[in-house]
Amino acid sequence: MAKPVQVTEITADHQLILADSTTIKLAGLLLPTQQDCDRLKVVCSLVERLSHYLETTLLNQIIYISDTPQYFDRDDRLLAQIKNNEGTWVQKEILEQGLGRIITTTARPTDLTIMLPLENMARQSQKGLWRLKAFQILQTDNLNNKTDRFQIIEGTIQKTAEVRGTIYLNFGQDWRTDFTIKLEKNHRAAFANKGKGLLQTVGRKVRIRGWLFWENGPMISVYTPEQLEYFSIE
């Protein structure tokens with residue numbers, strides 16, 4: 001049974017403070033904050049909409065924390081799926097309104113199987129942040145000025161390689177400059193057959209989400225299988 005708790009405060013970056021001082025971070029969501037608004041003014045109205053939704057729905061209200069196995073992040077915040085006092089799944093409503101993106105590393109696979117289609121429907125309908133150029137899905141070229149932030153990228157795998165236990169999926173002919181996905185040895189246990197199947201994905205079109213950084217070209221590290229979405233083979 002879900003545990004009832006009371007929200008006494010909502011922070012500027014949309015975290016929930018409970019009556020017992022526990023901080024809840026909404027599992028599986030990357031939400032636009034005031035920082036995004038300061039960087040890009042067109043985001044401000046979305047930040048205001050999200051804040052208004054959370055305050056009117058959750059502030060000083062009883063909410064219900066999912067009774068699934070719970071864990072705290074390195075900042076001692078409880079990562080949780082929650083329902084409001086009417087039993088409505090909050091993450092679902094945020095995704096349906098296009099007010100957040102999914103970050104797969106903070107949610108359970110069973111929740112993500114429901115959440116990912118919701119995000120996709122909102123994107124197809126251009127709801128909320130999906131109307132803005134800054135949040136559009138990127139292609140694998142021209143990524144050099146898109147690093148040091150969370151991105152969602154689509155492309156076709158051109159080459160694969162395994163080097164000293166690390167698997168690389170390359171999206172161009174020159175691994176020194178082109179976009180690459182990296183699965184490091186110490187994260188392979190989360191994947192079927194320790195990720196060996198990724199080596200057989202040449203020619204597959206995929207969607208990848210995660211932190212885009214620079215390492216011999218733009219790169220994203222994968223930690224969970226759910227970061228990768230495969231398009232159907234025609």
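This briefing covers the pockets, one sheet, the disulfide and one loop residue of the structure above. The model is predicted. Its largest pocket holds about 1500 Å³ of space, and the second largest has a volume of about 220 Å³. An open sheet of 7 strands with mixed pairing is present, and the disulfide count is 1.

**Largest pocket**

- The space in the largest pocket comes to about 1500 Å³, and 46 residues line this pocket.
- Leu30, Ile103, Arg149, Phe150 and Trp211 are the lining residues closest to the centre of the largest pocket.
- Strands β3 (23-26), β4 (29-30), β11 (149-156), β15 (205-214) and β16 (218-221), together with helix α1 (34-39), each contribute at least two residues to the lining of the largest pocket.
- Sorted by class, the lining of the largest pocket comprises 18 nonpolar, 14 polar and 14 charged residues.

**Second largest pocket**

- The second largest pocket, with a volume of about 220 Å³, is lined by Thr160, Ala161, Val163, Arg164, Tyr168, Asn170, Trp175, Thr180, Glu215, Asn216 and Met219.
- Two or more lining residues of the second largest pocket come from each of β12 (159-163) and β13 (166-170).
- Strand β12 provides the largest share of the lining of the second largest pocket, with 3 residues.
- The class composition of the lining of the second largest pocket is 5 nonpolar, 4 polar and 2 charged residues.

**Seven-stranded sheet and helix α2**

- The strand order in the open sheet is β6-β7-β3-β2-β1-β5-β8, and the pairing is mixed.
- Strands β6 (71-72) and β8 (82-83) are at the edges, and each has a single partner strand, so one side of each lacks a neighbour in the sheet.
- Strands β1 (residues 3-10) and β5 (residues 62-65) run antiparallel and are joined by 4 bridges.
- Glutamine 6 has isoleucine 62 of β5 as its bridge partner.
- Helix α2 (residues 44-58) packs on the sheet and touches β1, β2 (16-18), β3, β5 and β8.
- The direction of helix α2 makes about 130° with that of β1.

**Disulfide**

- Cysteine 37 is joined to cysteine 44 by a disulfide, with an S to S distance of 1.9 Å.
- The link between cysteine 37 and cysteine 44 is right-handed, with 85° about the S-S bond.
- Cysteine 37 falls within the range of α1 (34-39), and cysteine 44 falls within that of α2 (residues 44-58).

**Arginine 176**

- Arginine 176 is placed in the loop between β13 and β14 (180-183).
- Leaving aside residues up to four places away in sequence, arginine 176 touches Asn216 and Gly217; Asn216 is also one of the residues that line the second largest pocket.
- Arginine 176 and glycine 87 lie 89 residues apart in sequence, and their C-alpha to C-alpha separation in space is 50 Å.

Methods: Residues are numbered from 1 along each chain as its sequence is written. This is a predicted model: local features need pLDDT of at least 70, side-chain atom pairs count only at pLDDT 80 or more; totals for chains, interfaces and linings use all residues. Side-chain values use heavy atoms; hydrogens and water are left out. On a 1 Å grid over the protein atoms alone, a cavity is a set of points where a 1.4 Å probe fits but cannot get out, and a pocket is an open set with protein on both sides within 12 Å along at least five of seven lines; lining residues have an atom within 4 Å of a point. Grid points are joined across faces, edges and corners, and a volume is the space filled by probe spheres set on the points. Ala, Val, Leu, Ile, Met, Phe, Trp, Tyr, Cys and Pro count as nonpolar, Asp, Glu, Lys and Arg as charged, and the others, Gly among them, as polar. Two strands pair if DSSP finds at least two bridges between them. Contact means heavy atoms within 4.5 Å. Axes are lines fitted to C-alpha atoms, for helices over the stretch in contact, and angles run from 0 to 180 degrees between N-to-C directions. A disulfide is a pair of cysteine sulfur atoms within 2.5 Å.
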